[in-house]
Structure formats: structure tokens, C-alpha cells
Amino acid sequence: MSLLELHHVSKNFGSYQALDNVSFSVEPGRIVGLIGPNGAGKSTAMRAITGLMSYSDGEIIFDDERIRFAKNKSLAKMGNLIEYPAIYPNFTARDHMTYYAMDAKDHADIDELMKITGIDGEKFGKRKAKKFSLGMKQRLGIAIALIRNPKFVVLDEPMNGLDPQSVHDIRALIRSLADKGVAFLISSHLLDELQRLADDVVIINKGKVLRREKMVDFLAEGKTQVKVQTSDNDKMLAVAKAAGWDASMGDDRVLIAVQGDVTAQKVLKLATDEGLEVTDIQTGQGNLEDHLLSVLSTDATRA
Amino acid sequence: MFTLLKQEAMKAWKQNRVYIWAIIAFVLPIITLTSFVPMASQASAYGSLGGSSIIITIGMLVLTALSFTQEFTFGTIRPLLSRQYSRLQIFLAKIITVIVEYFLLIVFSLAGTAIGRLIYRAMHDGSTEKVYTTYYTSLDWKSFLFALLMSFVGSLFLMAIVLLVSNIAKSSAAAISLGIVMSVATSILSAVTSSLIQLWAPLKWNPLTVQNVVSYYSGTSDFNKSIQSYFGAGAWVLFVVYGAYVLVMYALAYWIFNRRSV
Ligand SMILES: Nc1ncnc2c1ncn2[C@@H]1O[C@H](COP(=O)(O)OP(=O)(O)OP(=O)(O)O)[C@@H](O)[C@H]1O
Ligand SMILES: [Mg+2]
């Protein structure tokens with residue numbers, strides 16, 4: 001039995017179908033990335049899961065109990081940060097911790113949580129939350145989602161506005177909680193970040209789930225590429241295309257898909273034959289972003 | 001439920017600073033009674049708690065509106081509702097908190113009024129005027145407290161209106177302004193409705209007229225008689241009708257609150 005299961009969940013806003021037969025599950029201790037373009041239905045799915053929104057069809061099971069709109073005992077074991085941090089402007093960071101911990105049977109150690117999420121210290125101690133910067137509010141929102149020692153945490157765009165150090169710290173925190181068995185459902189447009197963090201992916205577009213699988217499997221499906229940097233990348237691109245290869249221009253190198261007879265050696269040979277000086281060449285997997293875009297574009301052509 | 005009340009109390013104190021209202025409710029009667037109210041008007045000024053009465057009503061309406069609308073504007077509504085509690089419990093915790101706040105403000109303004117009265121007496125106890133001072137500052141505690149109780153009962157209706165608007169429009173500005181208009185204008189509004197009543201008599205049972213009569217109900221036999229002659233029914237019928245109006249409005253506000261996807 002999974003911790004969370006969605007079975008054929010649908011939701012209409014008037015005539016617009018925001019969720020269309022959505023099914024996926026989340027296992028304990030797994031970090032699941034929910035990805036898809038703007039308006040795909042990520043936040044809508046999260047609102048249904050947290051019992052905040054009525055849905056027309058299907059069912060959501062969490063911890064062996066059915067999640068219904070507006071009445072759920074099991075929500076005591078769920079934390080959430082959906083779209084924006086839930087902050088009372090006149091509360092300090094610590095006030096928030098006290099307030100949100102009040103109704104928990106057992107809660108995280110407040111000092112420790114504030115320390116790990118970086119909302120401790122002088123700056124946060126006395127200042128009211130309305131004076132916080134975007135990233136400070138976001139970190140407080142994450143701490144709020146975690147304060148009640150949840151089994152399952154829903155995070156919508158958690159890395160929004162965080163500086164690199166905070167991203168690093170929050171990632172480590174999520175990972176360590178997952179290792180202790182806490183499950184996460186995380187949506188993000190920061191795909192590099194999600195690629196590093198998530199164990200599983202659920203790809204959603206226009207309310208439909210396109211894929212749900214392990215991150216490694218999803219990435220492995222993506223094209224393997226030869227990434228080559230030469231003295232003249234434009235020329236390299238042109239000759240690769242002339243050779244009939246699937247080539248494109250990356251940031252500072254030419255990306256050539258490994259398929260058919262293409263190998264790194266062949267690329268190297270072609271470059272030297274053309275008199276180009278190769279300064280760097282690597283073979284690697286495509287990233288989440290590349291593969292997501294290709295999955296979405298296939299979906300668009302099918303539709 | 002106790003936890004919910006504790007959380008609401010924390011928000012009332014730290015977020016909505018109910019103590020500011022308490023300070024005003026306390027200080028205002030001291031200032032008005034000692035410095036502005038002439039001797040002949042002292043006794044009637046006690047009835048309005050030296051001006052605090054209207055402040056308390058407005059304060060209660062503002063706090064009612066804020067306690068719902070700000071959860072929406074802050075985005076705190078999601079963690080507030082996504083919990084082990086039912087929405088009824090959350091709704092009731094908010095209402096109870098506002099009512100407790102109301103009584104808290106009443107206590108503060110009573111203290112302010114009592115102190116203002118004592119100071120006024122001390123200021124005017126010269127040998128010649130002492131007899132007048134004693135006369136004009138005498139207080140019939142029983143009817144005074146009864147009037148306070150009735151104005152609380154009347155406020156429950158205003159609170160219900162604000163609650164409804166807060167939950168329908170999710171805008172504290174709309175809810176608060178309507179509440180304030182209602183609190184200062186119920187007597188004006190009931191004058192308007194009285195012309196309608198001339199057209200069709202059963203209209204006298206409209207909520208505004210009923211609320212207005214209930215708020216000023218003094219319990220004297222004269223008052224009972226005039227109710228009997230105007231409504232053709234005893235005071236208790238009026239109270240039952242009023243209670244029904246108030247209950248329906250609270251139930252409607254809860255129904256809207258309970259059905260809202262957030
Ligand atoms: N209350 C609502 N009424 C009507 N339509 C809504 C409502 N909430 C969401 N929608 C629509 O449902 C669709 C999905 O919205 P949702 O917020 O779930 O997208 P998302 O995947 O979270 O996008 P983003 O990446 O921009 O956050 C959108 O087309 C949106 O306009
Ligand atoms: Mg969203």
C-alpha cells in the first residue's frame with residue numbers, strides 16, 4: 001500500500017478540465033517531482049491532495065484514509081506549502097513556529113528546525129515576517145510545512161526565490177527527512193534542482209499525467225549526447241548537420257545525439273577532418289529539461 | 001477545540017493587536033467623562049460607556065471581518081484548513097474568540113467608565129455643588145448592565161452580517177465598511193424601513209426593525225406594552241424571531257465557509 005494514491009481524479013473549473021483522470025502514487029521515503037508547464041494542474045492536484053478543494057471524480061487515499069474535501073483526520077500527518085508561504089505579517093519567525101506547532105501531537109524541535117531552514121538568529125528573532133525578503137519568507141514557509149513532523153509533505157515551488165546556499169541546505173534537509181521515511185511531492189520549474197532531488201517523476205500537462213516513473217528511468221530514456229567544444233562551434237554544427245546528424249547548439253558546445261552510427265570517436269574524426277581544433281569532448285545523458293521538452297512536444301503534436 | 005482557541009487568541013493578540021482596542025476602550029471614557037461631558041449629561045454618557053460603546057461595536061466588527069478575510073489575503077487559509085479539524089470547529093473557534101474579545105473590551109471600558117466617573121466626582125465635590133454632582137452621577141447599575149447586555153445581543157446581528165460579507169466577498173474592506181455603516185445607521189435604516197412598513201404591515205418583522213428594537217429593549221413594562229401594541233405579539237416572540245434571523249445568518253455564513261475551495 002502506498003502512502004498516497006490518486007485514482008482517476010478529475011476536476012473541472014466550469015467547462016475547463018484542470019485535472020483529467022489523474023492517477024499516481026507516492027511511496028514512503030520517496031521524493032516525487034511533479035513537473036509540467038504553467039497551468040498544467042500541479043497546484044490544483046496539490047490542493048485536492050491536501051483536502052482543500054473539491055474534486056469531481058476519482059479518489060485520493062492517504063495513509064489508508066480517503067481524503068475528502070473539508071474533513072480529514074489524516075491531514076494531521078501532512079505538511080504543505082502551496083504556491084505561497086502561509087505567513088502572518090505581524091508574527092516573528094518564532095511566533096510562526098509556536099503557532100503552527102500548537103496543534104501537533106509531536107512536533108519538530110523548533111530551535112533545530114529554525115536553524116536548519118536558516119530562519120534563526122538575530123535577523124529573524126525580533127523582526128516581523130512582513131519585513132522578510134522573498135527568500136526569507138520562503139524558508140519560513142518550508143519550516144512551517146515541516147514543523148508538525150509530517151509523514152508526507154506537499155511543496156509547491158519550494159525553491160522559489162532561494163539563494164544557492166539555501167537551495168543547497170533545503171535540498172539536504174529534504175533528503176535527510178526522506179531517508180527517515182518522510183515522503184515528498186515537490187513541484188518545481190527549476191529542473192536541474194529537481195533532477196538532483198527527486199527519486200520519481202510525475203509529468204503532467206493540461207491536466208493529464210503523461211508519465212510517472214523513476215527519475216533514473218526517465219532520464220535514461222532521454223538521448224545520450226556527445227557534447228563537443230571546438231575552435232569554431234558554428235562550423236562544427238554545420239558540418240554535423242551536413243553529415244545528417246541530429247545536432248544542436250548548446251551554451252558553449254555543440255550537442256550531437258548518439259544514435260545510429262554516431263559515436264564520440266566519429267564526432268572527433270569529423271572535427272579533425274574539417275580542420276577544427278577540439279578543445280573538449282564528452283558523452284553524457286541529456287538532462288531533465290531536454291527530455292521533458294521533448295516529451296511535451298511529442299504530446300503537443302499528438303494532440 | 002481548546003488548541004484552536006489558543007491559536008485564535010495568539011492571532012488576536014499578535015496579529016490583530018486587540019490590546020490597542022482595549023486601551024482605547026479604557027482611556028476614552030476617562031477622557032470624555034472628565035473633560036467633555038457636562039454634568040447634566042453624565043448619567044446618559046455612562047450608558048454609552050463614555051463613547052466606548054460604539055468603538056467596541058466597531059472593534060468587534062473589524063475583528064470579525066479580519067479573522068476570516070486575512071486568512072485569505074495572507075494565504076494562511078490553506079494550512080488553517082488542511083488539518084485534522086473540521087471546518088465547523090475552525091469557524092466556531094473564530095466566532096467564540098471574537099465574542100470573548102467583545103467582553104474583554106466591555107470589561108476595559110467599564111473600568112474606564114467607573115474611573116472616569118470617580119475622577120469627575122472628585123473634581124466636583126466642592127461644598128455647594130456636591131449635592132448636584134451626587135444627583136447627576138448616580139447610576140442605576142441594574143438597568144445599566146441590562147442595557148449593555150441588550151446591545152451585545154443586538155451586535156450579534158451586525159456580526160452575522162459582517163461574517164456573511166467576509167465569507168462571500170473575502171474582502172475585509174467591504175465587510176468592515178458595511179458593518180460600520182450598519183452599526184451607526186441601524187436607527188436611520190429602520191426609519192427608512194418604517195415608511196415601507198406603512199405600505200405593508202408585516203414588513204415590521206424585517207430584521208432591521210427587529211434588531212433595532214431588541215438592541216434598545218429595557219425590560220420595563222412600558223417597553224413590553226409598546227412592543228405588544230406595535231407588533232401585536234409579546235416581547236418573547238420578538239426575541240425568538242430575532243434569534244431565528246441571527247441563527248440563519250450564522251448558518252449561511254458557515255455553509256459558505258464550509259463549501260469554499262481554497
Ligand atoms: N479557482 C479556479 N477557477 C478557475 N480556474 C482555475 C482555478 N484554479 C486554477 N484554475 C485553472 O486550472 C489550471 C491549472 O492551474 P494550476 O494552478 O494547477 O497550474 P500549475 O500547474 O500549478 O501552474 P504553475 O506552474 O503556473 O504554477 C489553469 O488553467 C488555471 O487557470
Ligand atoms: Mg502552481
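In this predicted model, helix H8 of chain B is followed by B:Lys170, a residue whose phi is positive, near 50°. The helix itself comprises 29 residues, from 141 to 169, and at 1.5 Å a residue it should span 42 Å; because its end C-alpha atoms are 41 Å apart, the expected and computed values agree.

Salt bridges were examined next, and over all chains their count comes to 21. In chain A, one of them pairs A:Asp20 with A:Lys208, with the closest N and O atoms 3.1 Å apart. This pair links distant parts of the chain, since A:Asp20 belongs to strand S2 and A:Lys208 to strand S10 (residues 208–214), the two residues being 188 residues apart. With a relative accessibility of 43%, A:Lys208 counts as partly exposed, because that class lies between the limits of 20% and 50%.

A salt bridge is also formed in chain A by A:Arg171 and A:Glu193, whose closest N and O atoms are 2.7 Å apart. Here helix H6 (residues 164–179), which holds A:Arg171, is linked to helix H7 (residues 191–197), which holds A:Glu193, across 22 residues of the chain. A:Arg171 counts as buried at 17% relative accessibility, and A:Glu193 is likewise buried, with a relative accessible area of 8%.

In chain B, the side chains of B:Glu71 and B:Lys11 meet in a salt bridge with an N to O distance of 2.6 Å. Because B:Glu71 lies in helix H4 (residues 52–74) and B:Lys11 in helix H1 (residues 2–15), the pair ties together parts of chain B that are 60 residues apart in sequence. Both B:Glu71 and B:Lys11 are buried, and salt bridges with shared partners join these two residues with B:Glu8 and B:Lys94 into one network.

Turning to ligand 1, 14 residues surround it, of which A:Gly39, A:Lys42, A:Ser43, A:Thr44 and A:His189 come nearest. By class, the residues of this shell divide into five nonpolar, six polar and three charged. Oxygen atoms of the ligand approach polar atoms of the protein at several places: a side-chain N or O atom of A:Thr44 is 2.5 Å from a ligand oxygen, the corresponding distance for the side chain of A:His189 is 2.7 Å, and a polar backbone atom of A:Gly41 is 2.9 Å from a ligand oxygen. On its own, ligand 1 has 630 Å² of accessible area, and the protein covers 63% of this. Strand S2 (16–26) and helix H1 (42–49) of chain A are the elements that give two or more residues to the shell, and H1 of chain A gives the most, with four residues.

Note on methods
Residues are numbered from 1 along each chain as its sequence is written. Chains are lettered from A and ligands numbered from 1 in the order in which they are written. This is a predicted model: local features need pLDDT of at least 70, side-chain atom pairs count only at pLDDT 80 or more; totals for chains, interfaces and linings use all residues. Side-chain values use heavy atoms; hydrogens and water are left out. A residue is near a molecule or strand if one of its heavy atoms lies within 4 Å of it. A polar contact is a pair of N or O atoms within 3.5 Å; within protein, one must be able to donate a hydrogen and the other to accept it, and residues adjacent in sequence count only if both atoms are side-chain atoms. Accessible areas come from the Shrake-Rupley method with a 1.4 Å probe; for residues, only the protein chains shown count as cover. Ala, Val, Leu, Ile, Met, Phe, Trp, Tyr, Cys and Pro count as nonpolar, Asp, Glu, Lys and Arg as charged, and the others, Gly among them, as polar. The expected span of a helix is 1.5 Å times one less than its number of residues. A salt bridge is a side-chain nitrogen of Lys or Arg within 4 Å of a carboxyl oxygen of Asp or Glu. Buried means under 20% relative accessible area, exposed over 50%, partly exposed in between (1.4 Å probe, protein chains only).
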